[in-house]
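Student: I would like a close look at one part of this model. Please pick a residue, start there, and then connect it to its surroundings.

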Amino acid sequence: MTLGIVQRIVTRYRAIADDTLFLGDGQPRAIFEVYPPNLSLADDDALEAAAQQLAIVLNALGFPIQLLFRFVAVDLEQLAVEAEQAAIGRGPQLARAARDYAALLRHLSRTMLLLELHVYLTVGLNGARGSVLQALIHQVTTWLSRLVLRRTHRSVAGPSDTELLDQRGEQVALELDAIGARPRRLD
């Protein structure tokens, strides 16, 4: 039995510059891989506390984010090869234990599918300029200021979209890091 994909809309990207992804419509995105703390052996109270911390962080954000959860098959063959290489040059007992471990890993890869969770977080500029009315006012004032500046030959620098995105990304990274989620912005 195979499950169909959930995603129904395909979004094209235009470019990747340093650590910023530009979509087909030109909108920049920052993408983080998040390494959540291992809670597999945590009791119910610790799980509840971690869930509350995450809820506080996500609810405190003043802009939308997207979370992507991806399960990837673990490459047990590579671990088996590494175990066999570690057996070389060891004493007979350690070498035998490493070979047995490699055999176990190969057996598991044939009989089971072990999955590893990868969590990705996407930050964009949605809502960065406020409401639709504020965006319209911003465009009109920008157009008027450019018209006036052409006549006076002066320029006024404001934060670029990538600077605003970097500020948001930094905010998200700091808040996730504070709860032990260890985010890393992808290049």
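Tutor: Let us start with aspartate 44. This residue is exposed, because its relative accessible area is 64% and the cut-off for exposed is over 50%. Keep in mind that the model is predicted. Every value here is computed from that model.

Now place the residue. Aspartate 44 sits in helix 1, which covers residues 44-60. Next, look at its partners on the surface. Asp44 forms a negative surface patch together with Asp43, Asp45 and Glu48.

Where does helix 1 fit in the chain? The chain reads β-β-β-α-β-α-α-β-α-α-β along the sequence. In total there are five helices and six strands. Three strands come before the first helix in that pattern.

Take strand 3, made of residues 28-34. It holds another acidic residue, glutamate 33. Is glutamate 33 buried or exposed? Glutamate 33 is buried, because its relative accessibility is 9% and buried means under 20%. Set that beside aspartate 44, which is exposed at 64%. For the chain as a whole, buried residues make up 20% of the 187 residues.

What does the side chain of glutamate 33 touch? One polar contact, of 3.2 Å, runs to the side chain of tyrosine 35. Another, of 3.0 Å, runs to the side chain of histidine 118. So follow the glutamate 33 side chain on your screen, and look for tyrosine 35 and histidine 118.

Next, turn to the loops. Aspartate 18 lies in the loop between strand 1 (13-17) and strand 2 (20-23). Its phi is positive, near 55 degrees, and the residue is not a glycine. Aspartate 18 counts as exposed because its relative accessible area is 69%.

A second loop residue has a positive phi too. Arginine 182 has a phi of about 45 degrees, and it is not a glycine either. This residue is found in the loop between helix 5 (161-178) and strand 6 (183-185). Arginine 182 is partly exposed, because its relative accessibility is 46% and that class lies between the cut-offs of 20% and 50%.

Now go back to the start. Aspartate 44 is an exposed residue of helix 1, and it belongs to a negative patch. Glutamate 33 is a buried residue of strand 3, with polar contacts to tyrosine 35 and histidine 118.

Methods. Residues numbered from 1 in each chain as written. Predicted model: local features only at pLDDT ≥ 70, side-chain atom pairs only at ≥ 80, totals over all residues. Heavy atoms only, no water. Patch = residues over 30% accessible without salt bridge, like charges linked within 9 Å, V, L, I, M, F, W, Y side chains within 5 Å. Areas by Shrake-Rupley, 256 points an atom, 1.4 Å probe, with all protein chains shown as cover. Salt bridge = Lys/Arg side-chain N within 4 Å of Asp/Glu carboxyl O. Lys, Arg positive; Asp, Glu negative; His and termini not counted. Charge placed at Lys NZ, Arg CZ, Asp CG, Glu CD. Helix = DSSP H or I, 4+ residues; strand = E, 2+ residues; numbered from the N terminus. Buried < 20%, exposed > 50% of the residue type's maximum accessible area, 1.4 Å probe, protein only. Polar contact = N/O pair within 3.5 Å; in protein donor to acceptor, adjacent residues only side chain to side chain.
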